[in-house]
Structure formats: structure tokens, C-alpha cells
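Student: I'm new to this structure and would like to learn how to read a helix. Could you walk me through one?

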Amino acid sequence: MSESGNNGRQSAESLLANELFDFCKSESLSTEGLRELIERRGLTPNNHNHVSNYKFFHLACHNGRITEEIIRCLLEYFPAAASAIDEDGCTTLHAACFNSNVTLDIIRLLID
């Protein structure tokens with residue numbers, strides 16, 4: 001791939017990661033909103049979509065509005081994000097454990 005093509009892909013990935021970052025930390029976090037944002041970028045489920053930074057998944061796990069459906073949605077589009085380690089050495093499971101709204105079913109999804 002040419003350097004300009006590679007830069008364009010990285011730029012699109014970065015833009016998506018930034019949009020997901022903002023949405024996942026917001027009070028508007030919802031399954032429907034996530035799907036809309038992700039699909040607007042042309043991503044499809046179970047396609048092992050890649051972004052260079054999965055911090056948005058950690059933020060979703062910290063968000064008080066987190067639901068099992070939101071986790072399922074994120075895992076559907078970004079399965080690698082569940083095991084991604086952030087700059088502090090934490091996984092999404094670590095992030096979820098700090099959220100009092102996280103259920104045992106959410107923990108199971110992150111472990112599986």
C-alpha cells in the first residue's frame with residue numbers, strides 16, 4: 001500500500017477512535033448511537049475492524065450508562081478491544097470492575 005493510502009487509513013481510524021472516545025464517555029452512550037456512529041463509517045460486524053486505540057472501550061466500561069447490550073455491540077465490531085491493554089496496563093475488565101453499574105453478565109462478556 002502506498003504511503004498516502006496508509007496515511008488515509010490511519011487518519012480514518014484515528015477519526016473513528018476519537019468519535020468513539022467522545023461518545024463512550026458521554027451521557028448519551030447507547031447501543032443505537034454506537035451502531036449509528038460505527039456503521040456511518042462503513043464498518044460491519046464480525047469483520048475484525050481495527051482502530052489503533054481502544055481507549056473508547058475502556059471509557060464505555062467506566063460509563064454509568066453501560067449495559068450488556070452496549071458491551072455486546074462493541075465486541076461485535078471490535079472483538080480485539082476486550083483484551084486491549086491501556087497505557088496503565090489495564091484491560092477493559094479492570095475498567096469495568098471500577099463501575100458500580102456493571103453487572104455480572106457484563107463481566108462474563110468481557111472474560112469470554
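Student: Which residues of α6 are exposed?

Tutor: Keep in mind that this is a predicted model. L104 and I111 are the exposed residues on that side of α6. On the other side, buried residues are found: I106, I107, L109 and L110, within a helix that spans residues 104–111. Viewed down the axis of α6, these buried residues fall within an arc of 160°, so they line one face of the helix.

Student: Why do residues three or four places apart point the same way?

Tutor: An α-helix has 3.6 residues a turn, so residues with that spacing point the same way.

Student: What do the buried residues of α6 pack against?

Tutor: Their partners are α3 (55–62), α4 (68–77) and α5 (92–97).

Student: How do α4 and α6 lie relative to each other, roughly parallel or roughly antiparallel?

Tutor: Start with the angle between the axes: under 35 degrees counts as roughly parallel. Here the axes of α4 and α6 cross at roughly 15° and come within 9 Å, so the two helices are roughly parallel to each other. The crossing is left-handed. From α4, the residues E68, I71, R72 and L75 meet D105, I106, L109 and L110 of α6.

Student: Where does N63 lie, and is N63 buried or exposed?

Tutor: You'll find N63 in the loop between α3 and α4. Residues under 20% relative accessible area count as buried, and N63 has 7%, so N63 is buried.

Student: What does the side chain of N63 reach?

Tutor: It reaches the backbone oxygen of S26, at 2.7 Å. Leaving aside neighbours within four places in sequence, N63 is also in contact with residues including C24, K25 and N99.

Notes:
Residues numbered from 1 in each chain as written. Predicted model: local features only at pLDDT ≥ 70, side-chain atom pairs only at ≥ 80, totals over all residues. Heavy atoms only, no water. Buried < 20%, exposed > 50% of the residue type's maximum accessible area, 1.4 Å probe, protein only. Helix = DSSP H or I, 4+ residues; strand = E, 2+ residues; numbered from the N terminus. Arc of directions from axis to C-beta. Contact = heavy atoms within 4.5 Å. Polar contact = N/O pair within 3.5 Å; in protein donor to acceptor, adjacent residues only side chain to side chain. Axes fitted to C-alpha atoms, helices over the stretch in contact; angles between N-to-C directions. Parallel < 35°, antiparallel > 145°, perpendicular 65-115°, else oblique. Left-handed = near helix turned anticlockwise from the far one by under 90°.
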